[in-house]
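Please open the structure in your viewer and keep the selection tool at hand. The tour below proposes what to select at each stop and describes what is found there.

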Amino acid sequence: MALKEIRKAAVLGAGVMGATIAAHLANVGIPSYLLDIVPRELTPEEEKKGLALDSPEVRNRLSVTGKQELLKNKQKPLYTDSNVELITPGNFEDDIEKLKEVDWVIEVIVENMDIKKKVFKQVEENWTPGTIVSSNTSGLSINEMVSENSPEFRKHFLGTHFFNPPRWMKLLEIIPCKDTSEEVLSMMHRFCERVLGKGVVFAKDTPNFIANRIGTYAMVSTIKLMQKENMTIEEVDTITGPPMGHPKSASFRTLDMVGLDTFCHVAKTVYDKTDDPEEKEAFKTPEILDKMVENKMLGDKTKQGFYKKVKGEGGSEIYTLDYEKMEYRPQEKKRFDILGKTKQEGLEKGYKMLVESDDPAGKFAWDVTRKTLIYSAKMIPEIADDVVNVDRAMRWGFNWKMGPFETWDTIGVRESVERMRSEGETVPANVEDMLDKGFESFYREDENGNLSYYDFASQSYKPVPISPEVISLPALKKQSKLVLGNDDGSLIDMGDGVCCLEQHSPQQALSNDFMELIFQAVEEVEKNFVGMVVGNQEKYFCVGANVVLMLMAAQSGEWDQINEMAKRYQDSLMTMKYSRFPVVAAPFQMTLGGGMEVAAHCDRVHAAADTFMGQVEIGMGLIPGAGGNKELMIRMTEGLRDDVKVDRLPYVQKAFEAIAMGTVSSSAHHAMELGFLRETDKITINQDHLLHDAKNTVLGMAKEGYVPPKQKPIKVLGEYGLATFKVGVQNMLWGGYITEYEQKIAEKIAYVLCGGNIKPNSLVSEQYLLDIEREAFLELLGEEKTQERINHFLTTGKPLRN
């Protein structure tokens, strides 16, 4: 079977989900038609304009609105606003024939089986053989919705269930129908993982598939247990959030975000479809939820749910629902002794400590955990073939740190099963059988870091399927690939002559030890390797320098030490920049302050799509101190010829504004628009593939015959530019837009970017710019107001304006 490459798509349904799926397709460069129904009535605004029902503006209203709302959406579904132009609005009546042009049709209409069947008949009438068709249903039967379509159509049909919001949620569940071809499944698995950047799991055609099935079960169980134990909403959310490896939104804040009506609909899907009385009871929504839906207390969409923001004289505060009285009351923070202890132990040890404790929080956590683990095991093979798909679905779809079976391993399978038995629970036969055969865990890791899982079907361990594009740094270390390292960093052999310089200091903050490692790494790679990637697999790429150490040294008056430290930071990055081998940065997520400076001193950047990059030092009353001013100015002005008369001010101004405003990109694509990344830099959509792709970029540069950069003089604006910036800053002060202290910081930024008070268009060295940058940095660090800002930021996590 010859399958098309997906170059163009059609999204059927322009509601929030349909529009945001079209947005993510646009993010990866795939244009789409966004189609919806034709309205049957005019709006008052349309009547005022004199429009008629046959006006194109009216007929395309729903899809045009869906497209427009993408630009207003606070969740930023687009990598850059310009991507919205890849979406073409239309309607089912006038534009249905355009389905013949596309390579993928994805249905995202109302969750009504009869309507879906009707739509898929209409799709097949305009279907080009070979075109893939899928449904984004969150739980209806994939087989039933195409039961009246042709066998050839069904070969190309499957479920592709995105989680909301599509840009940000990693999970995509693929659900084949009984006729879906293996070629289609394989091709879509590869496409969704590599092109769309998704974590793909394979689900069975059962109600709510995997993640929603288990997640909804756990949530209903939590609510019922809360009522049984007479606990408050705050108490439960204190327990079921980070202490159990779940997001900070825990249970009830999550429900408010999802929408109680949506949640009840998902629960009802299983309730209606199952014939098992026990499961029917498990998915029967508690009366409290039914009352809340009836009273339009749906969560964020109606501005009241389990929580409600109430405006008072002193500003807004969060109230909580008293579900017994169905009234809101001031929030009550609840502390449990055990949670303070578990937090110090980390998630895995802490979780085990929590469920084994006699603390009320521990008992509640154990009850929820026990029910969820038993149910998850019972659902194999009904909803999925193995534990891997279940665990990945819960991690990627619900943002759990550990899936059910990973959790079970953490607390000990045999000992927890014995406890379940003692409490009168029936442990699923597949788990009992595993233990009877002497297998003690669902996962095993060998001495080389290779992971295998227990397969219930074969009753043996099998390798966990991992994409060839995934490189695991922990696994490489176990394979004795560590070249050198210290407490805050490692140099790891990635194979093929490429090393990875990995940072693993606390909070991913730059430290003296890591900067010293850069010197050692450069020396080692120049002798024995062809190139280097700078990257890691922690939560963030790098959040900047360790300001706590700098603040302590400043308050102790150790200025010589601070100057030396700042100089070493600068020197280490310059050493890396002018090394004799290609260096590629692989940033992702938070790449702030010093993190951006590290990336900027590499030959190229190969960034994850979700990279939030910026020089944010102004928030703490500082300016970049490790070459960030210099590198951003170079980026903004490179390409301007020295022998051609051109006003450099507008270009330098872009760098000034970015640093002075603490601008942070909303994606790697946005960073490229801002000028933080060059056109020669690259972007990877799936962060799991980032190190692999960055390594290939290094190898490509080496193969092309890498030539190290040469230092050359930099033309600066001098006193002309400095005076111009000062006038602009003074006007900002007079207009009340900035404080006097922010004026001082802004003038320091201008001073460094313009090369100081020197003759306009002077040529200066990089070292000269580094020296005046370091001088300005130290001067600001010594200011009382800067130290106030740093202390405030460290205490609250928010910038202070003083």
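**Stop 1: the second largest cavity**

The second largest cavity holds about 40 Å³ of space. The model is a predicted one. To display the walls of this cavity, select Met596, Ala599, Ala600, Val605, Met613, Arg635, Phe676 and Leu677, which line the second largest cavity. Which helix supplies the largest share of this lining? Helix α26, residues 594-600, does so with three residues. Colour the lining by class: seven residues are nonpolar, none is polar and one is charged.

**Stop 2: the largest cavity**

Two cavities of 30 Å³ or more are counted. The space in the largest cavity amounts to about 50 Å³. Select its lining: Leu501, Glu502, Gln503, Phe514, Val534, Gly535, Asn536, Phe541, Cys542 and Val598. Strand β17 contributes the most to this lining, with three residues. By class, the lining of the largest cavity comprises six nonpolar residues, three polar residues and one charged residue.

**Stop 3: Gln508**

Next, select Gln508, in the loop between β17 (498-503) and β18 (509-510). Is Gln508 buried or exposed? Gln508 counts as buried because its relative accessibility is 5%, and the cut-off for buried is under 20%. Now display the residues around Gln508. Leaving aside neighbours within four places in sequence, Gln508 is in contact with Gln503, Asn536, Glu538, Tyr540, Phe541, Cys542, Val543 and Gly544. Among the residues that line the largest cavity are Gln503, Asn536, Phe541 and Cys542, and these names also appear among the contacts of Gln508. A distance label may be added here: a polar atom of the Gln508 side chain lies 3.1 Å from the backbone oxygen of Gln503.

**Stop 4: helix α24**

Select residues 547-555, which form helix α24. Within this helix, Val547, Met550, Leu551, Ala553 and Ala554 are buried. Turn the view to look down the axis of α24: the buried residues fall within an arc of 165°, so they line one face of the helix. An α-helix has 3.6 residues a turn, so residues three or four places apart point the same way. Then show what lies against the buried residues of α24: they pack against β20 (544-545), α25 (559-577), α33 (766-781) and α34 (784-796).

Both ends of the helix merit a selection. Asn546 caps the N-terminal end of α24, with a side-chain oxygen 3.2 Å from the backbone nitrogen of Val548. After α24 comes Gly557, which has a positive phi near 75°.

**Stop 5: the second largest pocket**

The second largest pocket contains about 660 Å³ of space. Which residues lie nearest its centre? Of the 27 residues in the lining, Lys577, Ile634, Glu638, Arg678 and Lys712 lie nearest the centre. Select α27 (628-637) and β26 (714-715), each of which supplies at least two residues of the lining. Helix α27 gives the most, with four residues. Coloured by class, the lining of this pocket shows nine nonpolar, five polar and 13 charged residues.

**Stop 6: Ser138 and Phe209**

Move to Ser138, in the loop between β5 (132-135) and α6 (142-145). Ser138 has a relative accessible area of 18% and is buried. Apart from residues up to four places away in sequence, Ser138 touches Glu111, His161, Asn208, Phe209 and Asn212. For a longer view, add Asp367: Ser138 and Asp367 are 229 residues apart in sequence, and their C-alpha atoms are 28 Å apart in space.

Phe209 may be selected next, in the loop between β8 (199-202) and α9 (211-229). Phe209 is buried, at 0% relative accessibility. The phi of Phe209 is positive, near 60°, although this residue is not glycine.

**Stop 7: further backbone features**

Lys296 also has a positive phi, of about 60°, without being a glycine. Look for Lys296 in the loop between α14 (287-294) and β9 (307-312). Lys296 is exposed, with a relative accessible area of 54%.

Finally, inspect two peptide bonds. Asn164 and Pro165 are joined by a cis peptide bond with omega of about 0°; Pro165 is in the loop between β6 (157-162) and β7 (171-176). The bond from Ile380 to Pro381 is also cis, with omega near 10°, and Pro381 is in the loop between α17 (360-378) and α18 (387-398).

How values were computed:
Residues numbered from 1 in each chain as written. Predicted model: local features only at pLDDT ≥ 70, side-chain atom pairs only at ≥ 80, totals over all residues. Heavy atoms only, no water. Buried < 20%, exposed > 50% of the residue type's maximum accessible area, 1.4 Å probe, protein only. Polar contact = N/O pair within 3.5 Å; in protein donor to acceptor, adjacent residues only side chain to side chain. Contact = heavy atoms within 4.5 Å. Arc of directions from axis to C-beta. 1 Å grid on protein atoms, 1.4 Å probe; cavity = no way out; pocket = protein on both sides within 12 Å on 5 of 7 lines; lining within 4 Å. Points joined across faces, edges and corners; volume = space filled by probe spheres on them. Nonpolar A, V, L, I, M, F, W, Y, C, P; charged D, E, K, R; others polar.
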